[in-house]
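Me: I should like to learn how to read the cores and sheets of a protein model. Could we work through one together?

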Amino acid sequence: KKLTKSKDGGLSYSLSNSFAEPLTSEQLINWTLERGDKDLVDEYYSHPLHYTPNGGSYDLRKAIAELYESTISADNILVFPGAQVALQTAARALANAKSHSITFTPGYQSVQEGPSHAGGSVTQISLEAKNGWQIDPAEVEAAVQPNTRYIVINEPYNPAGTLMKPETQSALKNIASKYGIYIMCDEVYRLLEHNPDDRLPAMADFYDKGLSCVTLSKPWGGCGISIGWIACQDVAVLDTLTDVQYFGTACPSRASEIQAIMTLKLSERILQRNMKIILHNKQLLEKFIQDYSDLFEWITPTAGAIAAIKFKGPLTSHELGERLAASGIGIKPAYCFSDTVAPENDYFRVGFGESIMPASLDALRNFVDKYQDEWR
């Protein structure tokens with residue numbers, strides 16, 4: 001945390017946050033009133049403090065289902081207090097001591113490590129910048145074993161903000177269907193494609209053994225609402241997930257559910273605002289990469305509010321992170337995304353989803369200007 005967190009670690013400038021611009025509670029309520037949903041606001045202030053149903057109340061699940069095609073209804077949604085616990089629950093439900101899973105590295109730790117925690121064997125396939133951080137379907141099929149049950153992907157991809165090609169998604173579906181494998185897709189950055197024409201179908205819509213994991217924190221900036229979910233066509237799988245969930249996590253609060261419904265009803269307005277911030281900040285990052293092209297490079301991100309940047313100077317990303325932290329600037333070094341960071345040891349992740357990001361980038365510029373002669 002001392003290398004990444006502006007609050008907990010005492011850093012003044014954070015380039016490590018991975019979410020879009022959060023609303024305040026006051027903004028969310030005012031926008032909801034502007035929309036004409038006074039009854040929803042009234043319920044927020046007066047709801048009883050009882051338990052909500054395991055897996056989420058019907059009105060929230062119905063609002064979530066509207067993000068998907070007709071294959072997904074409220075009955076195909078399971079709500080969690082955030083996406084991280086959803087990923088862990090799915091791994092424990094679909095992987096076991098006798099099964100084999102396939103994951104990808106570098107990546108968000110809950111995505112790649114969940115099947116390992118559930119037991120069984122895991123094959124981790126490395127993604128590389130030289131290949132545009134793209135999944136190779138042939139490599140995936142070569143990794144399939146007779147007991148392979150579960151593939152976990154993250155698209156749009158964290159930490160690089162890249163997106164797989166439509167033909168890759170189709171190839172993965174065909175491989176999984178051929179061998180009867182479930183695909184979990186962590187889609188927390190879906191709906192933040194920089195060009196909406198690049199948006200892929202949700203895995204839950206695309207494949208009958210597909211699961212989509214989503215959270216309010218990334219596209220909508222609803223981090224403090226702490227609501228995530230899994231969408232899946234297979235109701236039997238959802239029943240299994242519900243059984244595992246019951247012993248692994250409490251139900252979400254009704255206050256969080258109501259805030260989540262408010263957010264989803266305002267989705268178009270919030271996403272438009274957040275994409276404007278993201279695309280503006282992306283331009284600033286592009287200028288930074290151009291100005292210091294002998295020290296930094298990247299695969300240009302096409303989705304989400306994150307990017308993986310390579311430092312071409314004499315420090316590893318961990319060493320760079322330590323020196324930046326000493327100057328009050330937070331990044332996410334490579335070790336946050338893989339236990340074996342080579343050969344991508346020089347990459348670090350930055351986030352650019354917030355309106356305060358330009359000030360942090362200015363601080364990074366000043367830091368680079370101070371040390372660039374030493375590094376060259």
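Reply: We may begin with the interior. In soluble globular proteins, nonpolar side chains tend to be buried together. Here the largest nonpolar core has 90 residues, and Trp 229 and Phe 296 touch the most other members. A nonpolar core is a set of buried Ala, Val, Leu, Ile, Met, Phe, Trp, Tyr and Cys residues joined through side-chain atoms within 4.5 Å; buried means under 20% relative accessible area, exposed over 50%, and partly exposed in between (1.4 Å probe, protein chains only). This is a predicted model, in which local features need pLDDT of at least 70 and side-chain atom pairs count only at pLDDT 80 or more, whereas totals for chains, interfaces and linings use all residues. Residues are numbered from 1 along each chain as its sequence is written, and side-chain values use heavy atoms, with hydrogens and water left out.

Me: Which helix gives the most to this core?

Reply: Helix α13 (residues 357-375) does, with 8 residues. A second, separate core of 27 residues includes Ile 125, Leu 127, Ala 129 and Ile 181. Helices (H or I, at least four residues) and strands (E, at least two) are DSSP runs, numbered from the N terminus.

Me: How should a sheet be read, and in what order do the 7 strands lie?

Reply: Strands of a sheet pair through backbone hydrogen bonds, either parallel or antiparallel. Two strands count as paired if DSSP finds at least two bridges between them. The 7 strands form an open sheet of mixed pairing, ordered β2-β8-β7-β6-β5-β3-β4. At its edges are β2 (77-80) and β4 (121-126), each pairing on one side only.

Me: What surrounds β2?

Reply: Both faces of β2 are covered: Ile 77 and Val 79 on one side, and Leu 78 and Phe 80 on the other, are all buried. Strand β8 (residues 228-232) pairs with β2 in the antiparallel sense over 4 bridges. Within β8, Ala 231 is the bridge partner of Ile 77, while Trp 229 stands opposite Val 79.

Me: Where is the other sheet's edge, and which helix packs on that sheet?

Reply: The open sheet of 4 strands has the order β9-β10-β13-β12, with antiparallel pairing. Its edge strands are β9 (296-298) and β12 (332-333), each of which pairs on one side only. Helix α11 (residues 267-291) packs on this sheet, touching β9, β10 and β13 (347-351), and its direction makes about 130 degrees with that of β9. Contact means heavy atoms within 4.5 Å; axes are lines fitted to C-alpha atoms, for helices over the stretch in contact, and angles run from 0 to 180 degrees between N-to-C directions.
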